[in-house]
Amino acid sequence: MPSPHAILGLILASMTASAQWQLQNSNSTSDLRGIHSVGNGVAWASGTNGTVLRTEDGGYVWQSCTVPPGAEHLDFRAIQAFNANTAVVMSSGKGDLSRIYKTTDGCHTWALLDTNPDPDGFWDALVLNRTNRDGELLGDPVHGSFVFLETADRGDHWGPTKSSGLEALSEEGAFAASNSSLFFNEEFATAFVTGGPAGARVFIDDRGGGKPFTSHALPLAGGSASTGAYSIEARDARSWVVVGGDYTEPDESTGTAAWTRDGGRTWLAAKPTPHGYRSAVAYDKKSGVWITVGPNGTDISVDDGHSWLALRPNPKHHEALDAGRNWNALSLPFVVGPKGRIGRLDESSLPH
């Protein structure tokens, strides 16, 4: 029987340029790193200069939202939405440049919910659970420990977690590249990933009722402040994937992905890896395909992250060639990147 990687190669050989991201008109030039697809054609995106965008028709039209008060120079790295009217957006920056705003009227008006009170703090990621009122926020270490906040009212109020085990190594931090360094599933785990000179790690809370986070080393790039794990996603309680690398070396493929089949306790490096630094990873349930993106392109895996193959566009199709690369963040079927780039995946072209 052919190996999973050989099967993947056959699948890709049969795919056309339509499998690439189809570029959409965002009517924005801001760098986008926040994206959340709610479903039924509704999605929200966010980025620099206080930018928030919204679509209700699958991306045919992206609406430019009102800039939240005082947010004209903020960098919105995270956005989480409940529907077409209600969304929470988080900016990342040192000290009070990290803030949370909320809209309940389709982004016509915004309320400031919280501001980082610590001048040395930096918020990295925010995740809300659409099926209930819970949510979590991850921030870089302050006084030697990662900041971890929780909400029980859809983001209106935030307080520190009661869980311990958040101590950081020297110069360790999380990355605010795609709002996916934090993973939250109430049924089986909360996890977040880090990087830095001492190497990449994953911190796991298995929802055990106040148990401390446990940390595990990841076989990803390390050795500098720009290296490590950038994104984590779970297919179920056991099969998880992490991607990353070094954002200052976008074409370096060493140490860019790892996988686990025991809920994050044991990790193995992917072979082959994605073909460069990767800032976001997502799982497409319909096709069973994992997708990861970064500045130099897109890779997919059909074996739960064990191996990856570049999704290369047809060079004869210039639009497809341009659409295949330069991305920051994923919320399928959407992808966002620099200078207002938004794409949508043609899901019918993926194997089912």
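N179 is buried, with a relative accessible area of 10%. In this predicted model, N179 sits in the loop between β13 and β14. Its phi is near 55°, a positive value in a residue other than glycine.

## Backbone features

Most residues other than glycine have a negative phi, and most peptide bonds are trans. N179 departs from the usual sign of phi, with its value near 55°. R154 has a positive phi too, of about 60°, although R154 is not a glycine. The place of R154 is the loop between β12 (145-151) and β13 (159-160). Is R154 buried or partly exposed? R154 has a relative accessibility of 29%, so it counts as partly exposed. N179, in contrast, is buried because its value of 10% is under the 20% limit.

Two peptide bonds in the model are cis. One joins K271 and P272, with omega about -10°. P272 is found in the loop between β21 (268-269) and β22. Another joins L332 and P333, where omega is about 10°. P333 belongs to the loop between β26 and β27 (334-336).

## The disulfide

A disulfide is a covalent bond between the sulfur atoms of two cysteines. The count for this model comes to 1 disulfide. Which two cysteines form the disulfide? They are C65 and C107, and their sulfur atoms are 2.2 Å apart. The pair links distant parts of the chain, with 42 residues from one to the other. C65 lies in the loop between β5 (63-64) and β6 (76-81), and C107 lies in the loop between β8 (99-103) and β9 (111-115).

Why is the disulfide of C65 and C107 left-handed? The torsion about its S-S bond is about -75°, so the disulfide has that hand. Both cysteines fall below the limit for buried residues: C65 is buried at a relative accessible area of 10%, and C107 is buried at 1%.

## Two buried threonines

T103 is found in strand β8 and is buried, with a relative accessible area of 0%. Its side chain makes a polar contact with the side chain of D105 at 2.9 Å. The side chain of T103 also reaches the backbone nitrogen of C107 at 3.0 Å, and C107 is one of the two disulfide cysteines. Not counting residues up to four places away in sequence, T103 touches W44, N85, T86, A87, H108, T109 and W110.

T227 lies in strand β18. Its relative accessibility is 4%, so T227 counts as buried. A polar atom of the T227 side chain lies 3.4 Å from the backbone nitrogen of G223. Which residues is T227 in contact with, leaving aside its neighbours within four places in sequence? They are F175, G195, G196, A221, G222, G245 and D246.

## Pockets

Rolling a probe the size of a water molecule over the atoms shows where empty space is left. The table sets out the two largest pockets of the model.

| Pocket | Volume | Nonpolar lining residues | Polar lining residues | Charged lining residues |
|---|---|---|---|---|
| Largest pocket | about 1400 Å³ | 22 residues | 16 residues | 12 residues |
| Second largest pocket | about 500 Å³ | 15 residues | 7 residues | 6 residues |

The largest pocket, with a volume of about 1400 Å³, is lined by 50 residues. Of these, H36, S37, E233, K285 and S331 are the closest to its centre. Several strands give two or more residues to this lining: β2 (32-39), β6, β10 (123-128), β14 (182-185), β18 (227-234), β22 (280-284) and β26 (329-331). Which element gives the largest share of the lining of the largest pocket? β2 does, with 7 residues.

Some of these strands have appeared above. β18 holds T227, β6 borders the loop of C65, and β22 borders the loop of P272.

The second largest pocket has 28 lining residues. Those that lie nearest its centre are A174, F175, A176, Y230 and Y247. F175 is also among the residues in contact with T227.

Technical notes:
Residues numbered from 1 in each chain as written. Predicted model: local features only at pLDDT ≥ 70, side-chain atom pairs only at ≥ 80, totals over all residues. Heavy atoms only, no water. Disulfide = S-S within 2.5 Å. Helix = DSSP H or I, 4+ residues; strand = E, 2+ residues; numbered from the N terminus. Buried < 20%, exposed > 50% of the residue type's maximum accessible area, 1.4 Å probe, protein only. 1 Å grid on protein atoms, 1.4 Å probe; cavity = no way out; pocket = protein on both sides within 12 Å on 5 of 7 lines; lining within 4 Å. Points joined across faces, edges and corners; volume = space filled by probe spheres on them. Nonpolar A, V, L, I, M, F, W, Y, C, P; charged D, E, K, R; others polar. Polar contact = N/O pair within 3.5 Å; in protein donor to acceptor, adjacent residues only side chain to side chain. Contact = heavy atoms within 4.5 Å.
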